[in-house]
Amino acid sequence: MNIPKLRFKDNNGNDYPQWEKKLIKDILKIYHGKDYKNEPNEKKLYPVLGTGGIITYIDKFLCDWECVLIGRKGTINKPQYMKTPFWSVDTLFYSKPKLKQNPKFQYYLFQNINWKIYDESTGVPSLSASTIEHINRFIPTYAEQEKIASFFSTIDKKIENLTNTITSLENQKKGLLQQIFSQKLRFKDKNGNNYPNWEKKKLGDIATLKNGISKSNEAFGHGKKFINLQDIFNKSYIFNGNYSLVDVTEKELSENNLLKGDVLFVRSSVKREGVGLPCVIMENLIDTVYSGFIIRCRFNINENIYLHYKKYCFLEFSFRKALLKKSSSSANTNINQDNLSKLYVKLPCLEEQTKIADFLSAFDRKLDNQKAQLEHWQQIKKGLLQQMFV
């Protein structure tokens, strides 16, 4: 089938001609990027592109035309589009349109190709120019290319604006956390007075810390619910839900249960910034245990700590800085129970805890709304790419 599900009309309301099946080499000339010697020079005008994006600037360029790029080695599934002069390193291919072609259309065409199926390596993903050149795709007329490119550019602008808004809000949140927990920003009581001075308590004095359980592969697939690292990573809260299963004894279930108010810390993370991130349990998790890559923090019964405050007091700057300082790194970055127990938690009175958490929760709802919109538009774009290309 050489007709996409969604089509544009010409200016007279008529269908454009049918799309023609062509090899990539019929519409693009593929060039290898080149490694460069970055000599000291004050005139660093042109960006150098690699599979990781813009990495530096130099005073010379390989390409001064509008084009689409794709990874030769490493990241092969993320095409890039450039309009200004640039240098492209050896891990990228860049291209030059043949005949009358719209490079921005080619950028979206490349986004709709499953590049992983063309991977020619058993190790680091890689492509060859010949492989790219011999991919078949249906191509519309230049006029329809222009409309498709303009349409998707509008969607990309929406996605870019949302991404920038999220980045701005996340930076604002970091600033607010730092101001609140350094006590430069304080809340007042109902009479307009400051709350009592904050306390600093060692985590090991106010809570019990315990690693989860490790099991052989044969133990999984049946038994009790099992919270693994992926279930809590980058999540603030966790509830009862559908989790994987593991075979455990009654003693293991009793010793590794999960109750409302417990905080689960990431014990081991590939990325350094992921270690020690907290996830608060919002309800008793029925017949559920947790992974050995997680540390459970259970507060003493006499400690009066607001449930939602627990999310923020472990994200504030000084706590995170101290946690990372006590972490160890090898293949992963790790924090152990002993070092975690030595960290200090800042505790205002319960009423101020509540105001802090409620204020920051409202900010998080705004941030989550923007993230949901971003996900929505990303899914819209994904669906439209599938319907507007063949």
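This report covers aromatic pairs, lysines over rings, helix packing and one buried serine in a predicted model.

## Aromatic pairs

The whole structure holds 24 aromatic pairs. One of them joins Tyr31 and Tyr94. Their ring centres are 5.2 Å apart, and the planes differ by 15°. That makes the pair stacked, because planes under 30 degrees apart count as such. Tyr31 belongs to strand 2 (residues 28-32), and Tyr94 belongs to strand 8 (residues 92-97). The pair therefore ties together parts that are 63 residues apart in sequence. Burial differs between the two residues. Tyr31 is partly exposed, at 27% relative accessible area. Tyr94 is buried, at 6%.

A second stacked pair is made by Phe105 and Phe389. Here the ring centres lie 5.4 Å apart and the planes meet at 25°, so this pair also counts as stacked. The link spans distant parts of the chain. Phe105 sits in helix 2 (residues 103-111). Phe389 sits in the segment after helix 11 (350-388). The separation is 284 residues. Both Phe105 and Phe389 are buried.

## The aromatic cluster

Phe105 and Phe389 also belong to one aromatic cluster. Its other members are Phe8, Trp19, Tyr81, Tyr107, Tyr108, Phe151 and Phe152. Some of these residues return at a helix contact: Phe105, Tyr107 and Tyr108 on the helix 2 side, and Phe152 on the helix 4 side.

## Helix packing

Two packed helices are described by the angle between their axes and the distance between the axes. Helix 2 packs on helix 4 (residues 142-181) at an angle of about 65°, with the axes 8 Å apart. The two helices are therefore roughly perpendicular. Their crossing is left-handed. From helix 2, the contact uses Lys104, Phe105, Tyr107 and Tyr108. From helix 4, it uses Gln145, Ile148, Ala149, Phe152, Ser153 and Asp156.

Helix 4 also crosses helix 11. The angle is roughly 160°, and the axes come within 10 Å. Helix 4 and helix 11 are therefore roughly antiparallel. This crossing, too, is left-handed.

## Lysines over tryptophan rings

Which residue lies over the face of Trp87? It is Lys60, at 5.5 Å from the ring centre. Lys60 is found in the loop between strand 4 (53-58) and strand 5 (67-71). Its relative accessible area is 34%, so Lys60 is partly exposed. In sequence, Lys60 and Trp87 are 27 residues apart. In space, the C-alpha to C-alpha distance is 7.2 Å. Leaving aside neighbours within four places in sequence, Lys60 contacts Lys37, Tyr46 and Trp87.

Lys96 has a similar placement over Trp65. Lys96 lies over the face of that ring, at 4.5 Å from the centre.

## A buried serine

Where is Ser126? Ser126 lies in the loop between helix 2 and helix 3 (129-133). Is Ser126 buried or exposed? Ser126 is buried, because its relative accessible area is 16% and buried means under 20%.

Residues up to four places away in sequence are not counted in its contacts. Beyond those, Ser126 touches Arg72, Lys73 and Ile76. Ser126 also touches Tyr118, Asp119, Glu120 and Ser121.

Technical notes:
Residues are numbered from 1 along each chain as its sequence is written. This is a predicted model: local features need pLDDT of at least 70, side-chain atom pairs count only at pLDDT 80 or more; totals for chains, interfaces and linings use all residues. Side-chain values use heavy atoms; hydrogens and water are left out. Rings of Phe, Tyr and Trp (its six-membered ring) pair if their centres lie within 6.5 Å; planes under 30 degrees apart count as stacked, over 60 as edge-to-face and the rest as tilted. Helices (H or I, at least four residues) and strands (E, at least two) are DSSP runs, numbered from the N terminus. Buried means under 20% relative accessible area, exposed over 50%, partly exposed in between (1.4 Å probe, protein chains only). A charge sits over a ring if NZ of Lys or CZ of Arg is within 6 Å of the ring centre and within 35 degrees of the ring normal. Axes are lines fitted to C-alpha atoms, for helices over the stretch in contact, and angles run from 0 to 180 degrees between N-to-C directions. Angles under 35 degrees count as roughly parallel, over 145 as roughly antiparallel, 65 to 115 as roughly perpendicular and the rest as oblique. A crossing is left-handed if the near helix is turned anticlockwise from the far one by less than a right angle, and right-handed if clockwise. Contact means heavy atoms within 4.5 Å.
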